[in-house]
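User: Hi! I would like to learn how to read strand pairing, helices and burial from a model. Could you walk me through it?

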Amino acid sequence: MHGLEVQMVDGVKFATFASYRKPGWHGLGTVFEEPKTSEEILVAANMNDWDVHVKQVQLYLGEQDDGSAQVYDMPNDFAVCRNNPFTGQIEPFGMVKGRYTPVQNEEIFELGDAIIGDGEEAGLETAGSIHKGKVVFGVIKFQKQTLIGQTDTIDQYLMVTQGHVGNLPVIAQVTPVRTECANTWQMAMGNYSSRVSFRHTASITQNLELAKDALGRAHKYFEIIGKVGNALIDIPVDGKTYHKWIDELYPQPEEDLVMIVRPDGEPEEKVINQRSITLWENRRDTLVDVWNEKTDRGETLGEARNTAWGAINAITETIDWHGRNNDGSQTGLLRAAGFNDTANDKKQEALDFVTEKADIKIEELVLA
């Protein structure tokens, strides 16, 4: 199973996921009503005491004359092992090359504690594990919101994450979420990235400068997105302009025609890319429906309605909540955690397009 890690134990389904007050859209994991420390949320999410370690891979060459196993140590191949969070049994769950130093879940959440610090009005909101434990993450929520216009708000989140099998460095990633419709922003703002990554070493939590860097980047990013959003919300956009924009951003595919000649019939033209055309039509209908607030998610644009800010949010909402294979469960988990790189690339393209059309210079707002 890709996505959230779950397992049946004595007929009960457990998950490596915990969240504060609000249950996950997948309906799994633990919901807690009072703020928890990093140690407590790890226990609630079944992510504590994994004891991630590496073992050198051995090649079995058969039995020796005395009956013992003849093995050869593979010099550059190591198995990543852990204590299974549901059974407690040691299990291999990945492979790495060379000298690889695991970082424990406890250490990555200590980095989260350091980011929050004593002076930050923030707390751990979510902890989770995906891809069968290969990726773990914790989400910090700041109490402060970014205000766009008079009433449109963006919740401020910062995710700390890492891959246990060399597939992902240690990352602190800003994740703004628009309150009105819960779509996420993972876009670079004038080449100002929403993430900072650290070397995958055991000493990572000893360097508080990393935490300060991540926290400073988060606050700067929220400041920039506020400037961009407030610039866009002041620019009126009517339905005709929006339709023109989405047709330019997502142009209609041309029909790819072939002539089919049968021995016993007349030649027949056939469109061989009809599926691509149908997908384009469906996406365009959804983009228009979100703009007109005619989807099952209801009215989500609020004050952004009929503005350039509304245009970019209608597009990002379509990507986040109405994309292909978006069943609201595991796909939703990956989306909200910020791991859907394809969706993030599409949203970056949309942001660049809308700001260009609206004549907004993000680079100038970054420097302002």
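User: Which residue in β6 is the bridge partner of Val 54?

Analyst: Happy to help! Two strands pair if DSSP finds at least two bridges between them; strands (E, at least two residues) and helices (H or I, at least four) are DSSP runs, numbered from the N terminus. Here, Val 54 has Val 80 as its bridge partner in β6. Strand β5 (residues 53-63) and strand β6 (residues 69-83) run antiparallel and are joined by eight bridges. They form a hairpin with five residues between them, and Gly 67 in that turn has a positive phi of about 90°.

User: What stands opposite Val 80 in β7?

Analyst: That is Gly 94. β6 pairs with strand β7 (residues 90-97) in the antiparallel sense, over seven bridges. This hairpin has six residues between its strands, with Gly 88 in the turn at a positive phi of about 80°.

User: How far should I trust the model?

Analyst: This is a predicted model, so local features need pLDDT of at least 70 and side-chain atom pairs count only at pLDDT 80 or more, while totals for chains, interfaces and linings use all residues. Residues are numbered from 1 along each chain as its sequence is written, and side-chain values use heavy atoms, leaving out hydrogens and water. The score pLDDT is the predictor's confidence in each residue, from 0 to 100. The protein chain averages 85, and 90% of the residues score at least 70. Among its elements, helix α4 (residues 239-249) has the highest mean, 98, and helix α7 (residues 330-337) the lowest, 49. Over residues 325-333 the pLDDT is below 50, yet this stretch has 21 contacts in the model beyond near neighbours in sequence (a contact means heavy atoms within 4.5 Å).

User: How do I read a helix such as α5?

Analyst: An α-helix has 3.6 residues a turn, so residues three or four places apart point the same way. The expected span is 1.5 Å times one less than the number of residues. With 18 residues, α5 reaches 26 Å from first to last C-alpha, close to the 26 Å expected. Its buried residues include Ile 277, Trp 280 and Leu 287, and the buried residues pack against α4, β15 (268-271) and α6. Just after α5, Glu 293 takes a positive phi of about 55°.

User: Why does Thr 295 count as buried?

Analyst: Buried means under 20% relative accessible area, exposed over 50%, and partly exposed in between (1.4 Å probe, protein chains only). Thr 295 counts as buried because its relative accessibility is 17%. This residue lies in the loop between α5 (274-291) and α6 (308-321). Leaving aside residues up to four places away in sequence, Thr 295 touches Asp 289, Val 290 and His 322.
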